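Good morning, and thank you for making time for this presentation. Please look at the sequence and the structure on the screen while I go through the model.

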Amino acid sequence: MSFSAFSQKSEYELIVPNLNNPWGFTFLPDNSILITEKEGKLIHFKNGKKIEISGVPEIHLRGQGGFLDIELHPNYKKYGWIYMTYSSSKGKGRGGNTTLMRARLKGSQLINQEVLYKAIPNTSKSYHFGSRIAFDTENHVYFSVGDRGNRDENPQDITKDGGKIYRLNDDGSIPKDNPFVKSKNAKKAIYSFGHRNPQGMEINPFTNEIWSHEHGPKGGDEINIIKKGKNYGWPKASFGVNYSGTKFTDKTSIPGMENPIHYRTPSIAPSGMAFINSDKYGKWKGNLLVGSLKFQYLSRCILKGNKVFKEVKLLKNIGRVRSVEQGLDGFIYVGVEHLGIVKLLPK
């Protein structure tokens, strides 16, 4: 065995083997894991065994769409609610769009399912569904929906779904202080707009700010701090270009629109993200972790305030890093396509 192979293997321990695309996962209070497989399965990994949960919603599997993120209610022990995003074909029109639902787990079955939000209209376009879920300290649920391939209309129009981050109360009702509740014809659930395809979102545990990252086109991946009612510029301002190499905008910054705190060119195709908020990794506490689908590594972002000071590559060539979470035990767990879920080992 070469030294490079040995050092790579010693970086992680395989916890849940043989997963195809673990798009999202979350830890139950007993430290077992609920895992969404993009193809439409919900897996409960407990005591070393995988149990497929029945009663999952009907999934519209197309391109980047499928069974997406999963998150527990902050007071799960009291309420038992589990929140999930997925692409659904229900409603008018061909194709599908991103949906947020909640349900409870009884044995190996989902019960009490409630759809809290369904983006419209359905579209047969196969990309930019989003979608991550996060909760703030007041139990508001945030979730992202990509622009659904309608770049020049959806992100900048608050009367349309797509290219947005939304905020709801935990029961799906609209918070009274949402930024556009009094705007005519606006989607009242919108919290921020001007996004392309946010596939990472976490509450910063040190500041309670909402941090998000999203895919750029050819270059221009962004990390943003999400603020109420703000416009994040897509596609009027971007550090990216069309996949053909042509430009769609000459602007990287526009007055009145929010600038990213960090951008990447070339694009790494970012997906899951998590903050290290435990002492398991020594001086890494406070770092931000971002998974790369394209280059197949985990980026450790060293922060100075709200700026990314330096990036260090971990788990090089492990595979497409789809999801990242800090477990109840303080260790970092990483979902990797065609591998499974691994535990990041401290140096």
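By a nonpolar core I mean a set of buried Ala, Val, Leu, Ile, Met, Phe, Trp, Tyr and Cys residues joined through side-chain atoms within 4.5 Å. What we have here is a predicted model. The mean pLDDT of the protein chain is 96, and 97% of its residues reach 70 or more. The exception I should mention is residues 1–7, where the pLDDT is below 50. Beyond near neighbours in sequence, that stretch has one contact in the model. Where pLDDT is low, the predicted coordinates should not be read in detail.

Let me turn to the cores. In soluble globular proteins, nonpolar side chains tend to be buried together. In this model the largest nonpolar core has 28 residues, and I35, L298, L315 and V334 have the most contacts inside it. Several strands give two or more residues to this core, among them strand 1 (12–17), strand 2 (22–27), strand 3 (33–37) and strand 4, and also strand 22 (321–326) and strand 24 (340–344). Which strand gives the most to this core? That is strand 23, with four residues. Leaving aside neighbours within four places in sequence, V334 is in contact with nine residues that I can list: F25, L298, L315, V321, S323, V324, G340, I341 and V342. There is also a second, separate core of 19 residues, which includes L116, A119, A186 and A189.

Next, strand 4 again. Residues 41–46 of strand 4 pair with residues 49–52 of strand 5 in the antiparallel sense, over four bridges. Within this pairing, I43 stands opposite E52. Two residues lie between the strands of the hairpin, and N47 takes a positive phi near 55° there.

I now come to the aromatic rings. The count comes to 14 aromatic pairs. One of them is Y83 with F135, an edge-to-face pair at 4.9 Å centre to centre, with 75° between the planes. Y83 belongs to strand 7 (residues 82–88) and F135 to strand 10 (residues 133–135), so the pair links parts of the chain that are 52 residues apart. Both rings belong to buried residues, Y83 and F135. Another pair, F143 with Y166, is stacked, at 5.0 Å centre to centre and 10° between the planes. Here strand 11 (residues 141–145) holds F143 and strand 12 (residues 164–168) holds Y166, 23 residues apart. F143 and Y166 are buried as well. In addition, ring pairs link F25, F27 and Y333 into a cluster.

Two charged side chains also lie over rings. R102 is over the face of W81, 3.7 Å from the ring centre, and the charged end of K304 sits over the ring of F309, 4.1 Å from its centre.

Finally, some points of backbone geometry. In the loop between strand 9 (109–118) and strand 10 we find P121, which a cis peptide bond joins to I120, with omega about -5°. S131 lies in the loop between strand 9 and strand 10 too, and the peptide bond from G130 to S131 is cis, with omega near 10°. In strand 9 there is N112, whose phi is positive, near 55°. Is N112 buried or partly exposed? N112 counts as partly exposed because its relative accessibility is 41%, which lies between the 20% and 50% limits.

Terms used: Residues are numbered from 1 along each chain as its sequence is written. This is a predicted model: local features need pLDDT of at least 70, side-chain atom pairs count only at pLDDT 80 or more; totals for chains, interfaces and linings use all residues. Side-chain values use heavy atoms; hydrogens and water are left out. pLDDT is the predictor's confidence in each residue, from 0 to 100. Contact means heavy atoms within 4.5 Å. Two strands pair if DSSP finds at least two bridges between them. Rings of Phe, Tyr and Trp (its six-membered ring) pair if their centres lie within 6.5 Å; planes under 30 degrees apart count as stacked, over 60 as edge-to-face and the rest as tilted. Buried means under 20% relative accessible area, exposed over 50%, partly exposed in between (1.4 Å probe, protein chains only). A charge sits over a ring if NZ of Lys or CZ of Arg is within 6 Å of the ring centre and within 35 degrees of the ring normal.
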